[in-house]
Amino acid sequence: MTAVRQRVGDWLMAGTEQARRHAGPHTQPEPEHQRHHWLRVMCLTGVDYFSTLGYQPGIAILAAGAVSPIATLVLVVVTLCGALPVYRRVAGESPHGEGSIAMLEKHLSWWKGKLLVLVLLGFACTDFLITITLSAADASAHLLENPYAPDALAGHHVAVTLVLLALLGAVFLRGFTEAVGIAVVLVAVYLALSLTVISVSLVKVVTHPSMLGDWHRLLVAEHPNPVALVGVALIIFPKLALGLSGFETGVAVMPLIRGAPGDTEARPAGRIQGARRLLTTAALIMGVLLLSSSLATTVLIPEKLVEPGGPANGRALAYLAHEELGNAFGTAYDLSTVAILWFAGASAMAGLLNLVPRYLPRYGMAPQWARAVRPLALVFTVIGFVVTLVFDASVDKQGGAYATGVLVLITSASVAVTISAHHRGGWRGAAGFGVISAVFVYTTIANIIERPDGLIIGSIFIVVILLVSFLSRAVRSFELRVTGIELDPAATRWVQEAARAGALHLVANEFDTGEAAEYADKASKAHELLHVPPAQHLLFIEVDVPDSSEFESELVVHGRERHGYRILRLTSTSVPNAIAALLLHLRDLTGTRPHVYFEWSEGNPLQNLARFVFFGVGEVASMTREIVREAEPDPENRPFVHVG
């Protein structure tokens, strides 16, 4: 039984450190990965962005009724004049695919930046996970509403959705590398078929003026005042926020874009230009498709048919494909829609598998297994099952949660760009992006008030991420947390001299005034109270902690002489971890087991433990000893830790 458990564990952890190598839309590809023309990479974004046409027109009719085309026009204006400029700026400031979350993390340091990232990760997880479940639910709707679908599947929408989710999870357990070429084919076919359906439908609208007249009369009857009509459209358009998805993905795929010959990692100008073209082209294509599909579906499909249980619910364009072009073409369109929706779910899963390991392990806020693909894929698949059952695999019910995740990310990007413009001294740019931020803040708040389920789901993710993160941080606090150690020439010389003299005696000192009396007092206590031989020269250790919210760091040890005392100064994220790592390094460097001397810290032990976990200080002596014990299991090889 133990052997079986070991094999299962080895298989689950076989994907460790591999999440970032998925060529999904949120990947960080290795340098040797093939780059592509920005148009091809746009298709990788498009499996997520363009696939929303599968359900967006129907959701728009349900949300806005006859006002749907006007509200969609507002959405397109916000997209082109708001979201697009914001993400073009994001592309210029995060050319390696980090996105707006990393921008905010950079501008907001210490724990406030980390906490903000964790909150945004909660909404990002909401966005991507609902993309998976909503896409699977809509794919099921297209399958079951097809006239050639087996009768045995009728009434089993939830079951079919769960099967699709299970297949998606199985693919990632098996090992999945998303190819740009597949995305190009899927997007090209889907856009071609969608344009055909929309064009034929608009031709019917134009050639039958009575249909357009009926819609216009209904619109005037419901909203006789044009100004009031615009106001209603402005109020309604937040409900259509699904049409804004895709921008964060467009920035995340930047590392896959082939840049110019003169590009450097520090400033890949060609890649940035390609990403901006990608974002602009995708936004323009989507704007045309949203407007035209909204007009066609609103005029040609009675509103009752898109309501829950109706034949056009969640599949308005597919309904028109069958009605206007026959069941053969409609079936081809259904299959194309199912394929791109399933691939959108795969893209979102790849995004989750790259997004979570990108931040949490670096903060020390994820268990070790969170670096592996398979355990994470299992976790996200199970969560997808739960979300599907809670929402009864309904596209309409999940729309609010999806829109909330999308809007929060776009709002955070707008705020990040505004802060960046302000820091760069461009007050006009900051003012312009501030207005855009205000628009998205309004849109987000309006969406949350109208459909609070998205905030509820996002809050659940945030609470879970915070709890798991801080529990993991506490458990992993006793790791060395050092990526490398380098001693400058002075420090190296002093250490070697002390080792040749027979022993390494170090005294931990919390820098206070830096006056001679401070070091004299420490040296006196080390000699008298801690029984350091008087003939032994002492080396003081002083650790600065500029940002305790970071988990790992490289130690650079500088030798400084002050008032005749030799001091090893280093900067780290935690005092005990840095001293423990330095002790082990000096042991390996000199072959001598070093002695380190501490004074007991004052204060409540529990408070000191909390200070250690969150601020890297506190009860330094006992924490250092415990970290050394964890890192070196053999007591005969451990450095000596003395406290007095």
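Colleague: Happy to have you at the bench! In which sense do β2 and β6 pair, parallel or antiparallel?

Modeller: Glad to help, and please keep in mind that this is a predicted model. His 505 has His 595 in β6 as its bridge partner. Between β2 and β6 there are 3 bridges, and the sense of the pairing is parallel.

Colleague: And how many bridges join β6 to β7?

Modeller: One place to look is Tyr 597, which stands opposite His 642 in β7. The strands β6 and β7 run parallel, and the number of bridges joining them is 4.

Colleague: Are the side chains on the two faces of β6 buried or exposed?

Modeller: On one side of β6 sit His 595 and Tyr 597, and on the other Val 596 and Phe 598. Both faces are covered, so by the cut-off of under 20% relative accessible area all four residues count as buried.

Colleague: Let's step back to the whole sheet. Which strands stand at its edges?

Modeller: The sheet is open, has mixed pairing and contains 7 strands in the order β1-β4-β5-β3-β2-β6-β7. Each edge strand has a single partner, so one side of it is left without a neighbour in the sheet. The strands at the edges are β1 (482-487) and β7 (640-643).

Colleague: By what angle are neighbouring strands of this sheet turned against each other on average?

Modeller: The value is an average over neighbouring strands of the sheet, with direction ignored. The angle is 25°.

Colleague: Which residue in β5 stands opposite Glu 561?

Modeller: Here we are looking at strand β4 (residues 553-562) and strand β5 (residues 565-571), which pair in the antiparallel sense over 5 bridges. Opposite Glu 561, in β5, stands Arg 566.

Colleague: Which helix packs on the sheet and makes about 60° with the direction of β1?

Modeller: Two helices are worth a look. Helix α19 (residues 516-528) touches β2, β3, β4 and β5, and its direction makes about 100° with that of β5. The helix with an angle of about 60° to β1 spans residues 575-590 and touches β1, β2, β3, β4, β5 and β6: helix α20.

Colleague: Is Thr 592 buried or exposed?

Modeller: Thr 592 is found in the loop between α20 and β6. Leaving aside neighbours within four places in sequence, its contacts are Ala 499, Gly 502, Ala 503, Leu 504, Leu 586 and Arg 587. Its relative accessibility is 17%, so Thr 592 counts as buried.

Colleague: Now to the aromatic residues. Why is the pair of Tyr 87 and Phe 247 called stacked, and what is the angle between the planes?

Modeller: A search of the whole structure finds 5 aromatic pairs. In this one the ring centres are 5.6 Å apart, and planes under 30 degrees apart count as stacked, so the pair earns the name with an angle of 25°.

Colleague: How far apart in sequence are the parts that this pair ties together?

Modeller: Both Tyr 87 and Phe 247 are buried. Tyr 87 lies in helix α4 (residues 68-93) and Phe 247 in helix α11 (residues 247-252), so the pair bridges a sequence separation of 160 residues.

Colleague: Which helices hold the aromatic pair of Tyr 190 and Tyr 333?

Modeller: These rings are stacked too, with 5.8 Å centre to centre and 20° between the planes. Tyr 190 counts as buried at 0% relative accessibility, and Tyr 333 is buried at 1%. The pair ties together parts 143 residues apart in sequence, because its members lie in helix α8 and helix α13.

Colleague: Which two residues touch the most other members of the largest nonpolar core?

Modeller: This core has 142 residues, and α13 gives the most to it, with 21 residues. A second, separate core of 30 residues includes Leu 487 and Ile 579. In the largest core, the two residues are Tyr 87 and Leu 244.

Colleague: One last thing: how far is Ile 410 from Phe 247 in space, C-alpha to C-alpha?

Modeller: Ile 410 has its place in helix α15 (residues 395-423) and is buried, with a relative accessible area of 3%. Not counting residues up to four places away in sequence, Ile 410 touches Tyr 87, Leu 244 and Phe 440. Ile 410 and Phe 247 are 163 residues apart in sequence, while in space their C-alpha distance is 7.9 Å.

Notes
Residues are numbered from 1 along each chain as its sequence is written. This is a predicted model: local features need pLDDT of at least 70, side-chain atom pairs count only at pLDDT 80 or more; totals for chains, interfaces and linings use all residues. Side-chain values use heavy atoms; hydrogens and water are left out. Rings of Phe, Tyr and Trp (its six-membered ring) pair if their centres lie within 6.5 Å; planes under 30 degrees apart count as stacked, over 60 as edge-to-face and the rest as tilted. Buried means under 20% relative accessible area, exposed over 50%, partly exposed in between (1.4 Å probe, protein chains only). Two strands pair if DSSP finds at least two bridges between them. Axes are lines fitted to C-alpha atoms, for helices over the stretch in contact, and angles run from 0 to 180 degrees between N-to-C directions. Contact means heavy atoms within 4.5 Å. A nonpolar core is a set of buried Ala, Val, Leu, Ile, Met, Phe, Trp, Tyr and Cys residues joined through side-chain atoms within 4.5 Å.
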